[in-house]
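Work through the exercises below with the sequence and the 3D structure open. Each task is followed by a solution in steps.

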Amino acid sequence: MSDHLSVPARDTAFRREIRRAARAMVEARWPIFAVIFLLAASIAAAFGPLFAPLDPNRQNLVLRLAEPMAAGPDGSVFLLGSDALGRDVFSRLLSGARVSLLVGIAAIAVGGTIGIVAGLLSGYFGGWVDDLIMRVGDIQLAFPFILLAIMFLVVLGAGVWNLVLVLGVGQWVTYARIVRADTLSLREKEFVEAARALGDSTLSIIFRTILPNILAPLTVIASFNVASVILSEAALSFLGLGVPPSVPTWGSMLAESRDTLIANKWWLAVFPGVAIMLTVLSFNILGDWLRDFLDPRLRERT
Amino acid sequence: MGSYILRRLLQSIVVVIGVTLVTFFALQAGGDPTYLFVSERASQEEIETTRRALGFDRPLHVQYASFVGDLARGNFGQSLSYRQPAMDIVLEALPATIELTIFSLVIALLLAIPLGVLAAINRGTAWDGSITTFAMLGQSIPNFWLGIMMILFFGLYLRWFPISGHVPFIAPMMAGDFGTAISNLPRTILHLILPGIAVGTYSLARNTRLIRSSLLEVLEQDYVRTARSKGLPEMRVLIHHALRNAWLPVVTIIGLEFGFLLGGVVVVETVFSYPGIGRLLFAAINQRDIPLVQAGVILLAGIFILLNLVVDLVYVRLDPRMKLMEGRG
């Protein structure tokens, strides 16, 4: 246990760090908007069905393609209009938030976990373990990701967890490379030597001594990554490879909107896209800010 | 340098083997692949016949060996929906996809350089602010949605551009009919503008940021300061000293760029009913035409690997520092 040395100082240092982060965030202004938007989207994702004005899957063939703010059934209002089957666009957007955020974050959890473990093993053991892991990563990156995803999803079929798996596996290399580089440099540091001298097991050294010290930069990658995974999820849903058709997603809503585009039913095409864009933009802004905050030297690079 | 080229070639071969492994095992990922080739109501007997006809009753390594053998002989299987060799159909759609990819690459690179430079030399001003904001937005817009929005605005509302279709340029060129190719060109480009912007914007945004930050870094180097203190005009310093080095990081990512662009092309083609490989894949996905999906994916992956190899080899020639790396492996 090498980390109990830092325990007494940790609590106040942690709080000070949080305060510093909050101040920096207010100063930078945009990240605050990003956080507020993402909080709202998360609430929509978690409790959306509770305050959705209508059932997102309830069809209403009399009130098809109603414009935004048009009167809905039983005194309700189609806030953002209704689609070709008379379903409420706003309620469907709220449901879509659930899929986008869930898939985005779960895929990062899958990819991040694989990548971190692979990177730690690669960096700590070196040798053939390192070679094997890194070459597999090279091969994967030599393949346009979306093609890989298409091929597996066609075979595996639509489904949230298939999507999470494919998108997650698609991300691991980035994490593995960064973790490997950091592990390599930490491996010979004094505190790792100390843990070794104290007789800690290899597993304990890797996961309790090294891992906590390399997590911070990964939050930056994760933030950008969530953004790009949400974009990929939307594209795959748009192609009909996402979740089953009964679950509304932003991507599949856009796919459906194409049929009524010529008839100028713009609200079906505009709102889901705005939702995707604002979510992705928020994660990108947050990633940018996190990078500057954690390591100002990196500011002008990447 | 010879050893680097050799190593890079070997690496590409390993990657190609990896691609065949992945495409082969993708089929097995969902369990017995026979079910992908029969209708849902097929009888047990039909399933058995299909299994034997397609060779799925053999051991996996035998199947893989014959799969690779078929690929090597250019046999990618029969498309289930067209009843023709899958690769023929994909190759027919390839020129249109190449046109779109090149057009969007031109947008992504040619516009990124002036924008990135403009932002870097005016660092901290309104120019810089609006260009970086634009780049941030460009990286956050789904390409297919951008396509849909442009169809709504420039296609249906302003009626400036056609919203679908394609006028071939490469295809008549390859057939030796240069007259048709040349007379088609203006309309080819007109049809490429909206889908090209939709595909290229993400890369454009990323490259703009990359060039900006790369140039900012170079501008602080000693040799730039020396050039300035010699009293050289700012424009000359910028072009001869700074840009020369600032664009190297961009060259390294051109190869990867193709990957992004190809991915974008696949989706955006569907939006614009553009008759390339992407739309073909989309149709094949919906009809569960597995051989066609495989042929399309393998072809695009192959092109991507080849381009990456070429870009890396060109890079060795461009960056003199690479020669020094030789001994270090």
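The exercises go from chain A to the contact between the chains, then to helix pairs and two loop residues.

The model is predicted, so local features need pLDDT of at least 70 and side-chain atom pairs count only at pLDDT 80 or more, while totals for chains, interfaces and linings use all residues. Residues are numbered from 1 along each chain as its sequence is written, and chains are lettered from A and ligands numbered from 1 in the order in which they are written.

**Exercise 1.** Find how many helices and strands chain A has, and in what order they run.

Solution. Helices (H or I, at least four residues) and strands (E, at least two) are DSSP runs, numbered from the N terminus. Chain A has eleven helices and two strands. Starting at the N terminus, the order is α-α-β-β-α-α-α-α-α-α-α-α-α.

**Exercise 2.** State what share of chain A is buried, and describe the largest nonpolar core.

Solution. A residue is buried if 20 or more other C-beta atoms, placed from the backbone, lie within 10 Å of its own, exposed if 12 or fewer, and partly exposed in between. Of the 302 residues in chain A, 47% are buried. A nonpolar core is a set of buried Ala, Val, Leu, Ile, Met, Phe, Trp, Tyr and Cys residues joined through C-beta atoms within 7 Å. The largest one holds 163 residues, and Ala149(A), Ile150(A), Met151(A) and Val293(B) touch the most other members. Helix α9 (residues 202-238) of chain A gives the most to this core, 18 residues. Next, look at Ala149(A): leaving out residues up to four places away in sequence, Ala149(A) touches Val166(A), Leu167(A), Gly170(A), Ser232(A) and Leu236(A). Here two residues are in contact if their C-beta atoms, placed from the backbone, lie within 7 Å.

**Exercise 3.** Describe the side of chain B that touches chain A.

Solution. Contact joins 46 residues of chain B to 37 residues of chain A. Elements of chain B that give two or more residues to this side include α1 (2-28), α9 (178-219) and α14 (290-318). For classes, Ala, Val, Leu, Ile, Met, Phe, Trp, Tyr, Cys and Pro count as nonpolar, Asp, Glu, Lys and Arg as charged, and the others, Gly among them, as polar. The side of chain B has 33 nonpolar, eleven polar and two charged residues.

**Exercise 4.** Describe how α4(B) and α13(B) pack.

Solution. Two packed helices are described by the angle between their axes and the distance between the axes. Axes are lines fitted to C-alpha atoms, for helices over the stretch in contact, and angles run from 0 to 180 degrees between N-to-C directions. The axes of α4 (residues 86-110) and α13 of chain B come within 8 Å and cross at roughly 135°. The two helices α4(B) and α13(B) are therefore oblique to each other; angles under 35 degrees count as roughly parallel, over 145 as roughly antiparallel, 65 to 115 as roughly perpendicular and the rest as oblique. From α4(B), Ile89(B), Val90(B), Ala93(B), Leu94(B) and Thr97(B) meet Ile277(B), Gly278(B) and Leu280(B) of α13(B). By class, this contact has six nonpolar, two polar and no charged residues.

**Exercise 5.** Place Arg83(B) and Ser273(B), and decide how exposed each is.

Solution. Arg83(B) is in the loop between α3 (60-72) and α4 of chain B, with a positive phi near 55°. Arg83(B) counts as exposed because it has 7 C-beta neighbours inside 10 Å. Ser273(B) lies in the loop between α12 and α13 of chain B, and its phi is near 45°, also positive. With 13 other C-beta atoms within 10 Å, Ser273(B) is partly exposed.
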